[in-house]
Amino acid sequence: MSAVTGTDTGTGTYAPKPGAAPVARMIAAQTALETRMLLRNGEQLLLTVIIPSLLLVLFSTVDIVETGAGKAVDFLAPGVLALAVMSTAFTGQAIATGFERRYGVLKRLAASPLPRWALMTAKTLAVLVTEVLQVALLTVIALALGWSPQGDPLSVFVLLVLGTAAFSGLGLLMAGTLKAEATLAAANLVFLLLLVGGGVMVPLEKFGAAGDVLAFLPISALSDGLRDVLQHGAGMPWGDALILAVWAVLGLGAAAKFFRWE
């Protein structure tokens, strides 16, 4: 049996004083743990790194889809960046959190000194750290393929943050309401459907009248917004940013209300 020891200060108190660590320190520690778990998971790496990278290289070097005037990589790179955000913030997070809920991990963590909101914050920060690595890798690959990005980096940053918030909310909502097996199937199905119909690899104009409806999906708004900035050098695409903000508010709000910890 282990014992907690301390030094008597002479006044009946002991140093170090027992108790929970500051919330900021707990969030930092949990974020580091969540990030390591994401990066060590082979399936997660396949989904978040390998698939987006392969799609970028394949569609940029082989004439499979008509991407309009200019180099194919100029059209594809922003879409693949949006896909990377979705794969991490939505698909990966939904599956991982769903199985943590199934095996009782979330229930045990909820009983720890770490507040529930701090746990969700740590998960979101781990997603952001992973996305930074994704964006860096995909940017290097795209530049090697001849990508010529334009536009304002701040606008790109805002769009990526809004996209992360929107997909995180939807991923946590799915993980907190469905069974783990259902979450696994649904998250992968949504990933595939949005990969095809979300303006990532195929321009929405190819879908005719349906493209006007698909434009309101979060993946479409993120893809088009990033494309406006990085390919066409436009300023902040406020319409796409508004769509992402609405999805973020709805998704995070619904997740906060309906998420079940066990």
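User: How are helices delimited and numbered here, and what kind of model is this?

Analyst: Helices are DSSP runs of H or I with at least four residues, numbered from the N terminus. The model is predicted, with local features needing pLDDT of at least 70 and side-chain atom pairs pLDDT 80 or more, while totals for chains, interfaces and linings use all residues. Residues are numbered from 1 along each chain as its sequence is written, and side-chain values use heavy atoms, without hydrogens and water.

User: Which helix gives the largest share of the lining of the largest pocket?

Analyst: Rolling a probe the size of a water molecule over the atoms shows where empty space is left. On a 1 Å grid over the protein atoms alone, a pocket is an open set of points where a 1.4 Å probe fits, with protein on both sides within 12 Å along at least five of seven lines, and lining residues have an atom within 4 Å of a point. In this structure 22 residues line the largest pocket, those closest to its centre being Asn41, Gln44, Gly92, Ile95 and Ala96; H3 contributes the largest share, seven residues.

User: How do H2 and H5 pack, by angle and distance between axes?

Analyst: Axes are lines fitted to C-alpha atoms, for helices over the stretch in contact, and angles run from 0 to 180 degrees between N-to-C directions. The axes of H2 and H5 lie 10 Å apart at an angle of about 20°, which makes H2 roughly parallel to H5 (angles under 35 degrees). Contact, meaning heavy atoms within 4.5 Å, involves residues including Pro52 and Leu56 of H2 and Leu138 and Ile141 of H5.

How values were computed: Helix = DSSP H or I, 4+ residues; strand = E, 2+ residues; numbered from the N terminus. Parallel < 35°, antiparallel > 145°, perpendicular 65-115°, else oblique.
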